[in-house]
Amino acid sequence: MAVILIVDDDAGLRTSFAKLLDMEGHQAITAASGEEGVERQAKDHPDLVVMDVRMQGMTGIEALARMKAQDPATPVIIMTAFGTTATAIEAVNKGAFDYILKPFDIPEMLGLIAQALDASRLAKGARKHATPAAGAQVSLVGQSRAMREVYKQLGRVAATDATVLVQGESGTGKELAARALWSYSGRKDRPLVVVNCVAIPESLLESELFGHEKGAFTGANHRRAGKIEQAQGGTVFLDEIGDMPLPVQAKLLRLLQEKQIERLGGKGPTAVDVRIIAATNRDLEAAMAEGRFREDLYYRLQVVRIVLPPLRERKEDLPQLAAHFLALHSKAMSVSDPGITAEGLAALADHDWPGNVRELSNVLQKTLIFSRGLAIGAPDVRAAIAGRAAEPLPDAGEALGEYARLAVAAGGPDLFNQVTDRFAAVVLAEALRVTGGNRSHAAKLLGLSRPTLLAKMERLGLTVAAQIKIGDALS
Ligand SMILES: Nc1ncnc2c1ncn2[C@@H]1O[C@H](COP(=O)(O)OP(=O)(O)OP(=O)(O)O)[C@@H](O)[C@H]1O
Ligand SMILES: [Mg+2]
């Protein structure tokens, strides 16, 4: 059940449309003008607005702009008369979910409404009325045109059993999209089994996916069901499918064609019912040209293809994403969210984000470590971005080499441990200094858990107040 606001100055249309929506199990509310529509949106927070574009007084386009300003996440479907595609395009450009020609075809309108509702649930991270699978944390942030297009596609295919190929550069949210597809599918109560095709050694991937019989190979002491069988009735997410070895590709093709698998060393096929979602950041066409990816499998997979846009092509999403990650990381670090200044946002927009959303998330986490509660500014952002560029770590240079030479020459019992402990103490002290003595932040900065950091401080006799100078520790 969704609350749907109909805005149209044609009373007859309002009544019959409202009746239709009631019959579909929705709750319809109506407004007779753009002005009234904007008011009702503010007051009643509908899940969806369906609005005529040509009305007396405020036009649908104007009303759309105001509604988007009030709540950018509420989808708006615009109704236009035949021959006014220019207006329709303008509407979609201004943030309408889609448009439909009047007089409309009822099944088409209902289909569009279902899509818009699904997409907005995805966009809102299932805050309000959706019922995603327990524990699913699916919240794709961003309202750019490119992302709205993605939500639409996700909404369209989530409920089907179609095989989906999710493509996009590293860090664009492919796994998140796959989880969204699962959590809005009819299979959400069945498992989502994730298999990362690069992380598993080639020699094991086949048995990992398809299972094996006892004695199928040396070390196969028991019969074992593969991940695909384990997902029976559910969904399998094949991550980095571009790296799947050819023999495994052949078996996967068979699964897609015949819905059957055969365990390694097995005596016959087993029927399975799984939905496959695959992802890759590789150019599968190129892999195909080089003979590393089967053409027939490629065509099976890409029937539904969802391409996630790189972050540099949707920088208008940066403010929303920044707010999202600052809230997320500050909560995880138990500090209050300091927010970000306009200059900080501008500095984010200056960067091209080769690592996409994952890089943005890491950079914001770093800025939090340094912020000490003040709003994130441009220098914090630049420093955090530069930190990434500085990887791998700078060369320690001659000072350390000289110290090592002296230490080794001096010799001593337990020399190695003494030297490395001293160096560890310097690094810890520096991390505590730049974080103003905050041990949680220092631990984050060093890539340690807080308990590990505390244990090391204890062992090395460090306190937060200890003002260790490099010279002291190394001498
Ligand atoms: N639109 C988004 N809104 C919120 N968080 C996002 C979004 N896109 C990505 N993220 C977050 O960014 C990180 C990277 O996303 P994800 O793992 O889905 O990327 P990926 O495309 O699978 O990357 P890779 O190719 O490197 O595996 C995750 O922490 C994810 O939650
Ligand atoms: Mg991934």
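Domain bounds here come from an automatic or database domain assignment, and the model through which this tour leads is a predicted one.

**Domains.** Start by colouring the chain by domain: select 3–123 for domain 1, 145–307 for domain 2, 311–389 for domain 3 and 397–474 for domain 4. If you then place a centre on the C-alpha atoms of domain 1 and another on those of domain 3, the two centres are 35 Å apart.

**The sheet with β1.** Select β1, residues 3–7, together with β3, residues 48–52, and you will find two strands paired in the parallel sense over four bridges. Within this pair, isoleucine 6 is the residue to label, since it stands opposite valine 50 in β3. Now add helix α3, residues 60–70, which packs on the sheet, touches β1, β3 and β4 (76–81), and has a direction at about 160° to that of β3. Widening the selection shows an open sheet of five strands in the order β2-β1-β3-β4-β5, with parallel pairing. Its edges are β2 (27–31) and β5 (98–102); each has a single partner strand, so one side of each is left without a neighbour in the sheet. Looking along the sheet, neighbouring strands are turned by 20° against each other on average, direction ignored.

**The sheet with β6.** Move next to a second selection, in which five strands form an open sheet, again with parallel pairing, in the order β7-β8-β11-β6-β12. Here β7 (192–196) and β12 (304–307) stand at the edges with a single partner strand each, so that one side of each has no neighbour in the sheet. From one strand to the next the twist averages 20°. Focus on β6, residues 164–167, and β11, residues 275–280, which run parallel and are joined by four bridges; leucine 165 stands opposite alanine 278 in β11.

Two helices are worth showing over these strands. Helix α6, residues 145–158, lies across β6, β11 and β12 and runs at about 150° to β12, while helix α7, residues 174–183, lies across β6, β7, β8 (235–239) and β11 and runs at about 165° to β11.

**A helix pair.** Finish with α18, residues 415–434, and α19, residues 439–446, which pack at an angle of about 125° with their axes 9 Å apart. That angle makes α18 oblique to α19, and α18 passes α19 in a right-handed crossing. To see the contact, show the side chains of Val427, Leu428, Ala431, Leu432 and Val434 of α18 with Arg439, Ala442, Leu445 and Leu446 of α19; by class, this contact has eight nonpolar, no polar and one charged residues.

Conventions. Residues numbered from 1 in each chain as written. Chains lettered and ligands numbered in written order. Predicted model: local features only at pLDDT ≥ 70, side-chain atom pairs only at ≥ 80, totals over all residues. Heavy atoms only, no water. Axes fitted to C-alpha atoms, helices over the stretch in contact; angles between N-to-C directions. Parallel < 35°, antiparallel > 145°, perpendicular 65-115°, else oblique. Left-handed = near helix turned anticlockwise from the far one by under 90°. Contact = heavy atoms within 4.5 Å. Nonpolar A, V, L, I, M, F, W, Y, C, P; charged D, E, K, R; others polar. Pairing = 2+ DSSP bridges.
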